[in-house]
Amino acid sequence: MSVEKARLVEEAQRTGTLANLPRGHFISSHFVPSVSGREMESFDPGRGAAFASFAAGDGEDVDRAVAAARAALAGPWSRLSPAARGEILMRASRLIAERAARFAVVETLDSGKRLAEAEGDVAGVVRAFAYYAGAADKLHGDNVPLGSDHVGVTFEEPVGVAAQIVPWNYPLSTAARGIAPALAAGCTLVVKPAEQTPFTTLMLAELLHEAGLPEGVLNVVVGTGGDAGAALVAHPGIDHVTFTGSVATGQRVMRSAAEHVTRLVLELGGKSPVVLLADCDLDAATEGVIEAIFENAGQICSAGSRLIVEEAIAEQLLDRLVARAQALRPSHGLSDAGIGPINSPAQLARVAAHVERARAAGNRILTGGAIVPPEACGGGWFYQPTIVQAQGPDDPLVQEEIFGPVLTVQIVSDFEEAVAAANATRYALVAGIYTRDHARAWRFARTVDAGQVYINEFFAGGVAMPFGGNRKSGFGRAKGMAGLRSYCKLKSVVARI
Ligand code: ADP
């Protein structure tokens, strides 16, 4: 453990918080309180206790932030060359790497996730800024053959002021995967982190201005979705909204964006299948399934929350999975062992309600199935790693996203049935398959409806691979060059010569 990380972990464990956390909105390169003067608290899910206060923003703060972003769009930022924008992003990447320990410890306190996972997130953010730093001056259009009397070219122009509505499960990495490409494209931004997890986004905004962003290019308004988020999405000064969160809120955001015909990318929920064919490498597949559902305590839109397994290996596999799940001890994220907490009491109650309904319906619960009593885990909000057998394709456990450490098991008799089961929900975010038969794996990849498909390794790829969903999982793509183009509007120019 680095000296800095050890010092921060010790401070957080001893005091329950960290000194010098940002608490204001970040507008025009300064931290400012809410116009209303109101504040709210953020909680450490591992202890179930408040650890810091921050500004509770509303429409007035959003107005200020959008005005700053609009002014910056017309300012020095618009005259910087793409290469100069890339240099700022590269400097930011290096600064994040230098301060990785602080970002990770704050992320763990705020979201609950295990420290190693938070460090992985920060490493991904370092890489995301480096990736888009390199992409900033490679965002070229096309030339189109129109014959000898005309020249036709296209330009990728920045969409303008981009809004980001960020969820609480991957606060820093979701913010970064929107901020980095939007800046590379030449946009300015207003970001609204989730009210449960505001701090690392505020730290990132300050760092980016230290790295050289001109005043007002990146603004952050903190506060609730109802007060700050809704005002931001509805603001006529916003040209593009990237929303990551639940289907119900995404639908609200879409309706609101319709008012001003604001461009929109929606990254919503999932009920993603992990298919295990009988010929798979059982050791690798077991570890893959465990990671796919229990990483971040299952609070991942792309979690592999539905195991679809061929009957021939089902019993053997389930024995292994149950043993692995039971070995995951609920522990505070800073202790970095076992499984971390659920982010909020509201989410914990939602997870428990899904499992209680399944229990009442007679579903077989193979392991887990209960809230961990707070006195058994330092007062935090924990749910036992849980594996439940589904009763059929219409079972709510198959159809509904739980967003917690609950794996649904569907047993099938062959490959065709597995593919049909994989496609039989209203979501289409990711899908995984484990098999040694690559022809089948590729057939699955081409047949399944999903934004991304993983073969023999779940959560593979990183920032270079485009990411997003179909159907109720949303539309539009983050990451990769597709993520960069989300922040561009294409212009065609034709000249008669
Ligand atoms: P959850 O219900 O788990 O909190 P949400 O999808 O509601 O998940 O939250 C994701 C993000 O959307 C958060 O930043 C939240 O503050 C924000 N949000 C919630 N409601 C709205 C809304 N009506 N308009 C815009 N953003 C919202």
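A pocket, as used here, is an open set of grid points with protein on both sides within 12 Å along at least five of seven lines. Keep that in mind as you work through this predicted model.

**Exercise 1. Find where the ligand sits, and work out which elements surround it.**

Solution. Start with the place: the ligand sits in the largest pocket. Next, look for elements that give two or more residues to the shell around the ligand; these are α9 (225–233), β10 (240–244) and α10 (247–258). Of the shell's contributors, α9 gives the most, with four residues. Now sort the shell by class: you should get nine nonpolar, seven polar and three charged residues. Finally, pick out who comes nearest: of the 19 residues around the ligand, that's V166, K192, E195, S246 and T249.

**Exercise 2. Track down polar contacts of the ligand, using a cut-off of 3.5 Å between N or O atoms.**

Solution. Try E195 to begin with: an N or O atom in its side chain is 2.6 Å from an oxygen atom of the ligand. Then go to W168, where a polar side-chain atom lies 3.1 Å from a ligand oxygen. Over at A230, the backbone takes part: one of its polar atoms is 3.4 Å from a nitrogen atom of the ligand. And how much of the ligand gets covered? On its own the ligand exposes 550 Å², and the protein buries 85% of that.

**Exercise 3. Lay out the open sheet of three strands and say which strands stand at the edges.**

Solution. Write down the order, β5-β6-β22, with antiparallel pairing. β5 (143–144) and β22 (488–496) each have a single partner strand, so they stand at the edges, with one side of each left without a neighbour in the sheet. Zoom in on β5: this strand pairs with β6 (residues 150–158) over two bridges. In β6, G152 is the bridge partner of V144.

Methods: Residues are numbered from 1 along each chain as its sequence is written. This is a predicted model: local features need pLDDT of at least 70, side-chain atom pairs count only at pLDDT 80 or more; totals for chains, interfaces and linings use all residues. Side-chain values use heavy atoms; hydrogens and water are left out. A residue is near a molecule or strand if one of its heavy atoms lies within 4 Å of it. A polar contact is a pair of N or O atoms within 3.5 Å; within protein, one must be able to donate a hydrogen and the other to accept it, and residues adjacent in sequence count only if both atoms are side-chain atoms. Accessible areas come from the Shrake-Rupley method with a 1.4 Å probe; for residues, only the protein chains shown count as cover. On a 1 Å grid over the protein atoms alone, a cavity is a set of points where a 1.4 Å probe fits but cannot get out, and a pocket is an open set with protein on both sides within 12 Å along at least five of seven lines; lining residues have an atom within 4 Å of a point. A molecule sits in a cavity or pocket if more than half of its atoms lie within 2 Å of its grid points. Ala, Val, Leu, Ile, Met, Phe, Trp, Tyr, Cys and Pro count as nonpolar, Asp, Glu, Lys and Arg as charged, and the others, Gly among them, as polar. Two strands pair if DSSP finds at least two bridges between them.
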